[in-house]
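Reader: I should like to learn how to read the features of a protein model. May we go through one together, step by step?

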Amino acid sequence: GRVTWIPGGPDGPDGVKAKHLNQDSPGVPGSAEAGDGFGADVRVADVNGDGYPDVATGLPGENLGSVADAGAVVVLPGTARGLTGTGAQVVTQNTPNVPGTPEKNDAFGRAVHLADANHDGLADLAAGAPGENGNAGSVWYFRSAPATVVSPNATTTFGNTLLGTTATQARLGTGFAD
């Protein structure tokens, strides 16, 4: 998969200047592999407070070591010249201070969402993993910080236990409403 950024011009979108980004792009962590699902869900907002829109995208089929389809989320920074891989940040359940352990078919990043949940002027990241804990599913909330894409030290996880819902095949984190 890939994410394509198409800048606007005076006559509308300018496809000639389109830029395609994936895990083989300079600065983007990892390497593109069949089935990763890079671009499975895409959201745009200013995460780091620099005034430029950043892009969060899920890779629900990303393998983490020998764990198949554990999933990941990549945040691509926006700049005055558009979207870039330079400074991109990947978040997984293997990222320090992120709760949980990656499991086969978690599909972390199946759904992503950016919104300023704490009203500090920065878009915060939510990532869903509908396959978490045998398809019960979970959602992670990452609070953003200035000059940082996401802060794993400020992570909260919501699952069926915290929410008091039925776990069996709930697939919490399959998608987010806008």
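Author: The following turns take up sheets, strand faces, a salt bridge, backbone angles and a cavity. Please keep in mind that this is a predicted model.

Reader: Let us begin with the sheets. In what order do the strands β5, β6, β7 and β10 lie in their sheet?

Author: To read a sheet, one follows the strands from neighbour to neighbour. Here 4 strands form an open sheet in the order β5-β6-β7-β10, and their pairing is antiparallel. The edge strands are β5 and β10, each of which pairs on one side only. On average, neighbouring strands of this sheet are turned by 20 degrees against each other, with direction ignored.

Reader: How many bridges join β5 to β6, and how many join β6 to β7?

Author: There are 4 bridges between β5 and β6, which run antiparallel. Strand β6, residues 54-59, is joined to β7 by 5 bridges, again in the antiparallel sense. At the other side of β7, the pairing with strand β10 (residues 89-91) is antiparallel over 3 bridges.

Reader: Which residues stand opposite each other in these pairs of strands?

Author: One may go through the sheet pair by pair. Arginine 43 stands opposite alanine 56 in β6. Between β6 and β7, threonine 57 faces valine 74, and valine 55 has leucine 76 as its bridge partner. Between β7 and β10, valine 73 stands opposite valine 91.

Reader: How should I read the two faces of a strand?

Author: In a regular strand the side chains alternate between the two faces of the sheet. Strand β5, residues 42-45, is an example: Arg43 and Ala45 point to one face and are buried, while Val42 and Val44 point to the other and are not.

Reader: Which faces of β7 are covered?

Author: Both faces of β7 are covered. On one side Ala72, Val74 and Leu76 are buried, and on the other Val73 and Val75 are buried. Strand β7 covers residues 72-76, and 5 of its 5 residues are buried.

Reader: You mentioned Arg43. With which residue does arginine 43 form a salt bridge?

Author: The general idea comes first. Side chains of opposite charge can pair when their charged atoms come close. In this model, arginine 43 forms a salt bridge with aspartate 41, and their closest N and O atoms are 3.6 Å apart. The count of salt bridges comes to 1.

Reader: Why do arginine 43 and aspartate 41 count as buried?

Author: A residue counts as buried when its relative accessible area is under 20%. Arginine 43 is buried because its relative accessible area is 15%. Aspartate 41 also has a relative accessible area of 15%, so aspartate 41 is buried.

Reader: Is there another sheet that I can practise on?

Author: There is an open sheet of 4 strands with the order β11-β12-β13-β14 and antiparallel pairing. Its edge strands are β11 (111-115) and β14 (155-159), each pairing on one side only. From one strand to the next, the twist averages 20 degrees. Within this sheet, strand β12 (residues 124-129) pairs with strand β13 (residues 138-142) in the antiparallel sense over 5 bridges. Leucine 125 has phenylalanine 142 in β13 as its bridge partner.

Reader: Let us turn to the backbone. Which phi values do asparagine 97 and asparagine 133 have?

Author: Here one reads the sign of phi together with the type of residue. Asparagine 97 has a positive phi of about 70 degrees, although it is not a glycine. Asparagine 133 likewise is not a glycine, and its phi is positive at about 50 degrees.

Reader: Where does asparagine 97 lie, and where does asparagine 133 lie?

Author: Asparagine 97 lies in the loop between β10 and β11, and it is exposed, with a relative accessible area of 53%. Asparagine 133 belongs to helix α1, residues 132-135. With a relative accessibility of 45%, asparagine 133 counts as partly exposed.

Reader: Finally, how many cavities of 30 Å³ or more does the structure hold, and which residues line the largest cavity?

Author: To read a cavity, one asks for its volume and then for its lining. The structure holds 1 cavity of 30 Å³ or more, and the largest cavity has a volume of about 30 Å³. The lining consists of Gly1, Asn22, Gln23, Ala32, Glu33, Asp36 and Phe38. By class, these residues are 2 nonpolar, 3 polar and 2 charged.

Conventions. Residues numbered from 1 in each chain as written. Predicted model: local features only at pLDDT ≥ 70, side-chain atom pairs only at ≥ 80, totals over all residues. Heavy atoms only, no water. 1 Å grid on protein atoms, 1.4 Å probe; cavity = no way out; pocket = protein on both sides within 12 Å on 5 of 7 lines; lining within 4 Å. Points joined across faces, edges and corners; volume = space filled by probe spheres on them. Nonpolar A, V, L, I, M, F, W, Y, C, P; charged D, E, K, R; others polar. Pairing = 2+ DSSP bridges. Helix = DSSP H or I, 4+ residues; strand = E, 2+ residues; numbered from the N terminus. Axes fitted to C-alpha atoms, helices over the stretch in contact; angles between N-to-C directions. Buried < 20%, exposed > 50% of the residue type's maximum accessible area, 1.4 Å probe, protein only. Salt bridge = Lys/Arg side-chain N within 4 Å of Asp/Glu carboxyl O.
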